[in-house]
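Work through the exercises below with the sequence and the 3D view side by side. Try each task before reading its solution.

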Amino acid sequence: MINSNAERFENFFNSCKDGLITLFSRRTAISFKNEISKLGFLKDAHNKKVLVLSKAIAEELKGISPGEVFISKKPNEEG
């Protein structure tokens, strides 16, 4: 997946102070991880709260250490 608007992503990531980042699939989680790595935001990931639909999606976030990861009980993505 290619981020065609890196500036918008950067603004979102920097402005998301008390918000919740929702990742709906493993593919989205991988893309999110790649983007924050590419843009140099790994050091800021510990401040972020992330909601995912399954444990399989949460597994994709290993290595970026978000502050909190919430796993939805339903619905979920079969990993």
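The exercises go from the overall fold to the core, a strand pair, a loop residue and the salt bridges.

This is a predicted model, in which local features need pLDDT of at least 70, side-chain atom pairs count only at pLDDT 80 or more, and totals for chains, interfaces and linings use all residues. Residues are numbered from 1 along each chain as its sequence is written, and side-chain values use heavy atoms, with hydrogens and water left out.

**Exercise 1. Describe the layout of the chain.**

Step 1. Find the helices (H or I, at least four residues) and strands (E, at least two), which are DSSP runs numbered from the N terminus. The chain has three helices and three strands.

Step 2. Put them in sequence order: the pattern is α-β-α-β-α-β.

Step 3. Look at burial, where buried means under 20% relative accessible area, exposed over 50%, and partly exposed in between (1.4 Å probe, protein chains only). Of the 79 residues, 32% count as buried.

Step 4. Consider contacts (heavy atoms within 4.5 Å). Among those with a separation of 6 or more, 52% join residues 24 or more positions apart.

**Exercise 2. Locate the largest nonpolar core and say which elements build it.**

Step 1. Such a core is a set of buried Ala, Val, Leu, Ile, Met, Phe, Trp, Tyr and Cys residues joined through side-chain atoms within 4.5 Å. The largest one here has 17 residues, and Leu23, Phe32, Ile36, Val52 and Leu61 have the most contacts inside it.

Step 2. Two or more residues each come from α1 (6–15), β1 (20–23), α2 (26–38), β2 (49–52) and α3 (55–59). The most come from α2, which gives three.

Step 3. Take Ile36 as a sample. Beyond its neighbours within four places in sequence, Ile36 touches Phe9, Phe13, Phe41, Leu42, Ala45 and Ile64.

Step 4. A general tendency fits in here: in soluble globular proteins, nonpolar side chains tend to be buried together.

**Exercise 3. Sort the residues of β1 by face and find its partner.**

Step 1. Ile21 and Leu23 form the covered face of β1, while Leu20 and Thr22 form the uncovered one. In a regular strand, side chains alternate between the two faces of the sheet.

Step 2. Two strands pair if DSSP finds at least two bridges between them. β1 and β2 pair in the parallel sense over four bridges, and Thr22 stands opposite Leu51 in β2.

**Exercise 4. Is Ser54 buried or exposed, and what does its side chain meet?**

Step 1. Ser54 sits in the loop between β2 and α3. With a relative accessible area of 5%, Ser54 is buried.

Step 2. A polar atom of the Ser54 side chain lies 3.2 Å from the backbone nitrogen of Ile57.

**Exercise 5. Compare the settings of three salt bridges.**

Step 1. A salt bridge is a side-chain nitrogen of Lys or Arg within 4 Å of a carboxyl oxygen of Asp or Glu. The whole structure holds four salt bridges.

Step 2. Glu60 and Arg26 form one of them (3.4 Å, N to O). Glu60 lies in the loop between α3 and β3 (68–71) and Arg26 in helix α2, so the pair ties together parts 34 residues apart in sequence. Arg26 is partly exposed, at 33% relative accessibility.

Step 3. Glu35 and Lys38 have their closest N and O atoms 3.0 Å apart. These two are three residues apart in helix α2, so about one helical turn separates them. Glu35 is buried at 9%, whereas Lys38 is exposed at 59%.

Step 4. Lys43 and Asp44 form a salt bridge at 3.8 Å. Lys43 is exposed at 57%, and Asp44 is partly exposed at 24%.

How values were computed:
A polar contact is a pair of N or O atoms within 3.5 Å; within protein, one must be able to donate a hydrogen and the other to accept it, and residues adjacent in sequence count only if both atoms are side-chain atoms.
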